[in-house]
Each structure stands twice: as structure tokens, then as C-alpha cells.
Amino acid sequence: MKYLFLLWSNLRRKKTRSVLTVLSITVAFMLFAYLGAIRQGFGQGIDVAGLDRLIVRHKVSLIQLLPAAHEARIEQVEGVVDAMHQTWFGGVYQKPTNFFPQMPVVPEEYLAMYPEVLLSDEERKAWLNTRSGAIAGRTTADRFGWKVGDRIPINASIWTRKGGEQTWEFDLVGIYEGAERGTDTTQFLFRYDFFDESREFGQGLVGWYTVRIADPERSAEIAAAIDGVFANSPHETKTEAEGAFVQGFAKQIGDVGAIIMSIVAAVFFTILLVAGNTMAYAVRERTGELAVLKALGFTDRGVLGLVLGECALLTAIGGGIGLLLGWLLVGMGDPTGGSLPLFYVPPRVLVTGIVLIAVMALLAGILPALQAQRLQIADALRR
Amino acid sequence: MAGPLNWISQIFSIALFNLRTLPQRLGSSATAVFGIAGVVAVMVSVLSIAEGILKTMQNSASPENVVVLRSGASTEMMSWVLGDDARVIAEAPGLARSEEGALASPELFVIIPLKKKSTGTDANVPLRGVTRTAPLVRDRFRLVEGRMFEWGRNEVVVGRGAQLEFRGLEIGSSIPVGKEEWPVVGVFEAGGGLAETEIWVDALVLQPAYQRGNSYQAVYAKLESPGAFQEFKDALTSDPRLTVSAVREADYFAEQSAVLYNLITGLGTLIAVIMGLGAVFGALNTMYTAVSARAREIATLRALGFRSGPVVVSVLSESLLLALVGGSIGAVLAWLAFDGFRAATLNWSSFSQVAFAFDVSPSLLVRGVVFACLIGLIGGLFPAVRAARQPVSAALREQ
């Protein structure tokens with residue numbers, strides 16, 4: 001503890017330099033935390049995909065529709081607990097850039113399938129009693145300032161209403177919260193019965209199925225069994241685990257995400273290298289003083305510790321502030337204005353950040369510290 | 001008259017003196033150069049992704065061409081046009097003609113999953129069903145390998161970009177469509193446009209495979225001249241048989257790429273600004289070190305009668321020079337590493353892959369170097385002012 005004061009005084013000697021070094025480390029770690037969140041956003045909740053859920057889609061491609069009648073047949077497959085369907089609505093609110101996912105679903109089935117979607121009992125009841133009722137996730141509701149009771153017009157780009165009308169009006173009866181931090185709260189969900197009777201064409205067709213299975217261990221086997229049921233029918237299916245489905249989707253963004261990440265990693269280390277070099281320079285400058293300390297009776301190891309401690313203190317301050325700022329910046333909202341379904345700093349990024357702080361303190365400090373340790377008093381004082 | 005001249009000669013002599021002593025401060029100067037080079041390299045490379053996507057989209061558009069979609073639909077994926085409607089659209093005024101009739105091509109647009117070469121994972125590749133007029137409407141379409149598919153047969157031709165990015169698109173191999181395997185018989189280019197990411201097949205073959213009956217998703221058409229657009233559009237919107245909207249290709253593709261372009265540009269700019277801040281701190285450190293190491297020299301100069309203006313300018317010019325060197329190195333690195341680099345990503349608007357080449361354009365290089373100079377300017381300004389303000393007597397006394 002008594003050395004802390006000494007370390008602190010050393011840092012205060014050249015205040016400007018210390019502050020600038022801390023600031024550049026801060027920037028690097030702020031960037032690190034922020035990009036961690038963006039990466040998570042692109043990955044879209046792979047971590048929270050239910051292990052016991054499968055996705056069944058048309059074998060030819062995701063855009064092909066499946067008959068709603070598949071549901072009963074899927075539920076008969078051994079090992080399947082429950083099945084429900086969703087359909088991509090693909091409309092926009094007011095202007096084309098106001099994009100968020102909208103899906104017609106069967107309310108009871110949906111809420112049973114996704115327990116992480118939290119809705120109060122009143123809102124649940126209201127949704128079951130209102131044919132044109134819809135619920136929205138907290139993120140989307142806050143983005144547009146919606147309140148329960150609002151009437152929300154959505155412009156359909158695929159599904160026109162009977163008579164060619166493009167605007168669908170929904171009554172917002174509830175706003176759901178996510179049980180976990182990774183839960184997607186950008187969705188807008190409305191009733192399938194209302195959708196099916198109002199749409200101009202495609203009655204009885206749905207987009208894909210979500211299936212709950214009893215035993216996650218058997219997911220591959222059950223997926224094969226489901227696909228077997230529809231083999232050689234006009235609507236063959238492809239079934240995979242929800243996690244694999246979501247991950248496959250994220251991978252489509254592919255190269256570009258990876259390229260941005262690797263470029264940025266390179267610069268993160270550039271900034272750190274620059275800061276580390278400055279710290280090393282600051283120590284070298286004081287060779288004479290270190291020799292005096294040794295002459296006063298500091299051990300070799302003591303001097304080593306002092307120099308390492310100084311680097312560690314600088315890095316810890318800068319890195320700590322940086323991670324905190326990054327976290328705050330992420331809390332202010334995502335740069336695309338709500339298109340990323342998830343945007344938060346995952347805990348493992350913070351842990352990695354802290355490890356990096358330790359690694360950097362060691363790397364930047366070790367060379368000058370070793371030099372300081374080996375310093376011959378007589379040589380150094382003569383310089 | 002002697003005043004300003006004297007001032008300028010003072011600047012020159014101090015600046016030259018400064019620059020000559022640069023090698024003595026090689027370590028700390030190199031640090032600043034290195035930092036700035038890194039920042040500029042990243043900025044230029046990230047923005048070149050956005051430029052590349054934009055260029056691909058612009059290459060897709062031709063000024064006389066229009067896209068007709070069902071009104072309300074923003075992309076082909078969400079649109080549909082019945083076969084009868086397509087015939088009505090082909091009769092509209094203002095269209096260019098050839099022996100085949102009006103240059104209007106009704107097309108079908110679906111996606112098939114193929115494996116990406118780089119990752120081996122599924123990607124949504126656009127499969128376009130076309131009619132005989134399609135190559136005439138897109139006048140930059142030309143076959144570069146193999147032959148065109150035969151009309152009415154289960155054969156496909158693939159775009160150059162698609163072939164480079166996805167597995168199993170060599171001539172002689174075949175792609176799975178529904179329960180069938182369709183052989184690849186040719187490779188085409190389309191002026192570097194979006195179509196090069198696509199696979200083309202006869203629309204009449206694709207319709208039954210996807211249970212589309214006699215329907216299409218969009219009509220691409222070539223006008224007699226860009227000026228005929230209004231006449232064509234009015235004819236379509238006033239026709240009671242149709243509920244379609246017509247947009248110029250340029251507007252259509254600009255809208256298609258808007259989300260992706262804005263996302264990457266926004267992200268790239270944000271990252272560049274944050275990193276730039278880091279580089280400014282690095283440059284400040286370097287220049288403060290440089291100035292404090294020479295505090296006595298500078299004080300001596302001022303005691304000799306050099307004024308503070310030239311001192312400021314000379315310190316600034318040193319940091320600008322470092323920034324210029326760093327920025328140029330960074331820009332050149334980005335250009336060497338990424339210009340023409342090919343990649344593919346998901347275009348969220350059309351829900352399908354778009355292959356493109358990174359485009360490190362000259363204007364981007366200039367922007368990178370200007371950004372570097374800005375960093376150098378800010379990084380040099382404060383140390384310069386400090387150097388000039390230091391009381392001469394105190395600085396001379398300092399060790």
C-alpha cells in the first residue's frame with residue numbers, strides 16, 4: 001500500500017503525458033466494448049435460442065410457404081410436445097426505414113412456446129378478446145412511442161387485404177418485456193385468425209413452424225422424423241434446431257462482419273501498442289532515478305514491481321474507464337436506430353476486456369521493468 | 001515590407017531546424033506515425049466496403065431502365081405481377097422495341113440455399129427466372145464462358161460474382177432446385193452489377209418448380225429514352241387493370257442498398273472517429289515530448305529574437321508532416337490489401353446475397369489523408385501553443 005503513493009506521484013510528474021496515455025487506452029477499450037455489442041447484435045441471440053425448439057421450413061427455400069395443416073401432422077411425430085406457426089408479414093410503419101419484424105401468430109400457442117415473452121395477465125386477456133389486437137416488444141414500442149390502446153397502421157408490402165387495401169390497422173393491446181437480456185423485444189405480433197380471414201390470397205398458408213421437443217438430446221432424430229413425414233409431398237420440409245437456424249441466418253452476413261471485426265482488432269492493438277510504447281518511454285527516461293532508488297536499498301525485485309505497477313495502474317485506469325464508457329455508450333442505443341434486434345455488452349466481452357487489461361499491463365511494462373531490474377547502480381548514475 | 005518576409009523566413013529556418021532533428025526523436029515520432037497509419041487504414045478499408053456495395057448497385061442501373069413492381073412492394077421479393085398484367089405493361093407507351101417486341105421482361109425472383117466458398121455455410125442466392133427479352137433489357141449482359149441455357153430446358157447460367165462466391169457453380173456441375181438437379185451451362189457478366197450475383201433460368205421452367213402458375217414478380221423494361229419515364233409511369237398508374245408502381249432502376253437500386261450502405265458507412269465513420277480520438281492522444285503525446293525535449297532550444301531561439309508565431313507554425317508543420325506520412329502509409333496499406341477484394345454479404349432489403357468488390361477509390365484515399373492531417377493538426381496545436389507561451393527565462397533555466 002505504501003508504494004501506491006510513490007506510483008501515484010510518478011504518474012503525476014508528467015501529468016499531461018499520463019492523462020493522454022490513459023485517454024488513448026480508454027478509447028481503445030471503449031471501442032472494444034462497443035464492438036463487442038455490435039458483434040452480439042449481428043449474431044442475433046444465438047445464446048438464447050431454446051435448445052428444446054426446432055424450426056421447420058420449406059425445403060426449397062425460406063420464402064416458400066407451408067400449409068397450416070402441417071401443424072397437426074408435426075404434433076403427431078413422436079417426441080414433439082407442441083408446434084406452432086409464424087408467417088413473415090414484412091410491412092412497414094409510416095416509412096420504409098421503420099423496419100421491425102411483424103408476425104401473425106396464434107396467441108395462446110405463441111405465449112406457451114416462448115415463455116421468455118412476458119405479458120401481464122390483463123394484456124394477455126385483452127389480446128385473446130380482441131381480433132385486431134396486437135402486442136409489441138418494449139424496444140419497438142419505445143422506438144415509436146406507442147402506448148397500449150394506440151391504433152397502429154402497418155403498410156403491407158406482401159399481404160394486401162381483401163379488396164387490395166394495403167394498410168392494416170391493429171389495436172395495440174399489450175407491450176411485452178423480455179425475461180432474459182437476450183430476448184428479442186423488437187417484434188410486433190398479431191392474431192393469425194384475423195390475418196387469415198382478411199388477407200387477399202394465400203389462405204391457409206404459413207411461413208414456418210416452431211416445434212418444442214421433450215428431449216433436446218434427440219433433436220437431430222426428431223428433425224429427421226418430421227422431414228420424413230413430408231418427404232415426397234409437394235411441400236417438403238427442412239427441420240433444424242432453433243440455434244442452428246438463427247446462426248445460419250447470422251452467417252449470411254458472413255465475410256463483411258468478420259472483415260470489419262478483424263480490421264478493428266488490428267487497430268485496437270495499434271492503439272495499445274502506441275500507448276504501451278509511451279509508457280515504456282516514460283520509464284526509460286527515469287533510469288537515473290531508478291538507480292537512486294536502488295542505491296537507497298530497493299531490491300531488484302522491488303524496482304521491477306514498481307515499474308510494472310506503474311504500467312498496471314495506468315492501464316487499469318484507462319481500461320476501466322474505457323469499458324465503462326463503452327457500456328454507457330451502448331446503453332444509449334444502437335447506431336442503426338433500432339434495426340439490430342439485440343444491442344448490449346455481453347458479460348463475456350467485459351471479462352475478456354479485463355483479461356486484456358492485465359495482458360496489456362504486463363506486455364507494456366515487462367521490458368522496461370526487466371531493464372530496471374538489471375540496472376547496475378554505478379553505470380546508471382554515471383549516465 | 002520587411003515584417004512579413006522576415007516572419008516567413010523565421011518559419012522556414014525553425015521548421016527546417018526542427019525537421020533536421022527529427023531522426024533524434026525517431027522512436028516517439030514513429031509511434032505517432034504508426035498510430036495514425038493504423039487509424040487511416042481502418043477507416044479507408046471499412047468505407048471501401050460501403051463504396052464497393054454502392055458501386056455494384058450503381059453498375060446495375062441504366063438510365064433508360066425501369067422496374068415495375070406491385071404497388072406497395074419495395075423489393076422484387078415481396079412483389080408479384082400476374083402474367084396477364086405483364087402483357088398489359090408491355091403494351092404501355094414509351095418502351096423501346098426490337099424484333100422480339102417491346103423491351104419489357106417479366107421476371108421471377110426466388111432464392112435458393114447454396115454453400116458459401118469462404119465459410120461453407122448456407123447463403124441465400126438469388127435465382128432469377130427470365131424471358132427472352134431479359135438480355136436485351138440489360139444491355140451489359142454478355143456470356144463469357146459456355147453457352148446460354150436453352151429456352152424451355154432445365155438449365156441455368158450463373159453470374160461471375162456468384163460463381164466466385166458460392167460452391168458448385170462451375171460449368172458442368174448442377175444446382176438443386178426442388179427435387180431436381182439443373183446443370184450449369186454458362187457464365188455471364190453484367191457490367192459489375194447486381195445481376196452478377198444471380199443465377200438465371202427460363203422463367204417458364206422456374207414457374208412450375210416453385211408452383212407460381214402464370215405469375216411473375218417484377219417487370220424490367222427499357223424505355224426509348226430516359227425522358228419517356230413520366231409518360232410510361234402515368235400510363236401504368238392510370239390503367240384500371242393494374243395496381244403497379246414504376247420506378248427508375250437507379251432509384252430502385254439506391255433504395256435497395258440504402259440500409260446496408262448506411263449501416264456500414266455509419267459504423268465505419270463512428271469507429272473512425274473514436275479511433276481518431278485515440279490517435280489524437282497519441283500525436284499529442286509525441287508532440288509534447290518533442291517540445292519539452294527542446295524547451296531550451298526553443299527558448300534560445302526566442303531569446304535571439306524569433307517570434308512565437310513562427311515557433312507555433314514550425315511545431316504544427318512537424319506534426320502535420322508526421323500525420324501526412326502516417327496517413328499516406330495507412331491509405332496505401334488499405335489500397336494494397338483491399339482494393340478489388342471480393343466478398344459477399346446479405347442484403348437485408350432483398351433477403352439475398354450480394355457479391356461485390358471492395359472499392360478503395362481515389363476520393364476515399366484523399367479523405368483518409370485529410371483525416372490524418374486533421375489528427376496531426378489537433379495533435380500539434382496544443383503543444384505548439386505551449387512551446388510558444390513558455391516564459392523564456394524559465395525555459396532557459398530548466399535542465
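This is a short talk on a predicted model with chains A and B.

Hi everyone, thanks for having me. Let me start with how confident the predictor is about chain A. The average pLDDT of chain A is 85, and 93% of the residues score at least 70. Within the chain, the elements vary. Strand β9 of chain A, residues 188-191, has the highest mean pLDDT, at 96. At the other end is helix α9 of chain A, residues 242-253, with the lowest mean, 74. Keep α9 of chain A in mind, please, as we will meet this helix again.

Next, the layout of chain A. The chain is divided into two domains: domain 1 takes residues 2-45 together with 254-382, and domain 2 takes residues 49-252. Taken over C-alpha atoms, the centres of these two domains of chain A are separated by 46 Å.

Now let's look at one sheet in chain A. In which order do its four strands sit? The order is β3-β11-β1-β12, in an open sheet with antiparallel pairing. At the edges stand β3, residues 80-86, and β12, residues 237-241, of chain A; each has a single partner strand, so one side of each is left without a neighbour in the sheet. If you turn the model on your screen, you can also look for the twist: on average, neighbouring strands of this sheet are turned by 25° against each other, direction ignored.

Let's follow β1 of chain A, residues 53-58. With β11 of chain A, residues 208-213, strand β1 pairs in the antiparallel sense over four bridges. One spot to find there is I55(A), which stands opposite T210(A) in β11(A). Strand β1(A) is also joined to β12(A) by five bridges, again antiparallel. Here you can look for L54(A), whose bridge partner in β12(A) is A241(A).

Which helix lies across this sheet? That is α8 of chain A, residues 219-229, which lies across β1, β3, β11 and β12 of chain A. Helix α8(A) runs at about 165° to β12(A).

On to the place where the two chains touch. The contact takes 42 residues from chain A and 49 residues from chain B. On the chain A side, α2 (15-43), α9 and α10 (255-284) each supply at least two residues. So there is our friend α9(A) again. The most comes from α10(A), with 14 residues. By class, the chain A side of this contact divides into 23 nonpolar, 16 polar and three charged residues.

Finally, chain B, which has twelve helices and 16 strands. How does its radius of gyration of 30 Å look beside that of a compact globule? A compact globule of 399 residues would come near 21 Å. The C-alpha atoms of chain B fill a box of roughly 95 × 45 × 30 Å, taken along the principal axes.

Chain B is divided into domain 1, residues 2-58 plus 257-397, and domain 2, residues 72-242. Over C-alpha atoms, 47 Å separate the centres of these domains of chain B. Their contact takes twelve residues from domain 1 of chain B and 18 residues from domain 2 of chain B. On the domain 1 side, α2 (26-60), β15 (342-347) and β16 (352-357) of chain B each give at least two residues. The largest share of that side, four residues, comes from β16(B). By class, that side has six nonpolar, five polar and one charged residues.

That's it from me, thank you for listening!

How values were computed. Residues are numbered from 1 along each chain as its sequence is written. Chains are lettered from A and ligands numbered from 1 in the order in which they are written. This is a predicted model: local features need pLDDT of at least 70, side-chain atom pairs count only at pLDDT 80 or more; totals for chains, interfaces and linings use all residues. pLDDT is the predictor's confidence in each residue, from 0 to 100. Two strands pair if DSSP finds at least two bridges between them. Axes are lines fitted to C-alpha atoms, for helices over the stretch in contact, and angles run from 0 to 180 degrees between N-to-C directions. Two residues are in contact if their C-beta atoms, placed from the backbone, lie within 7 Å. Domain bounds come from an automatic or database domain assignment. Ala, Val, Leu, Ile, Met, Phe, Trp, Tyr, Cys and Pro count as nonpolar, Asp, Glu, Lys and Arg as charged, and the others, Gly among them, as polar. The radius of gyration is taken over C-alpha atoms; the globule rule is 2.2 Å times the number of residues to the power 0.38.
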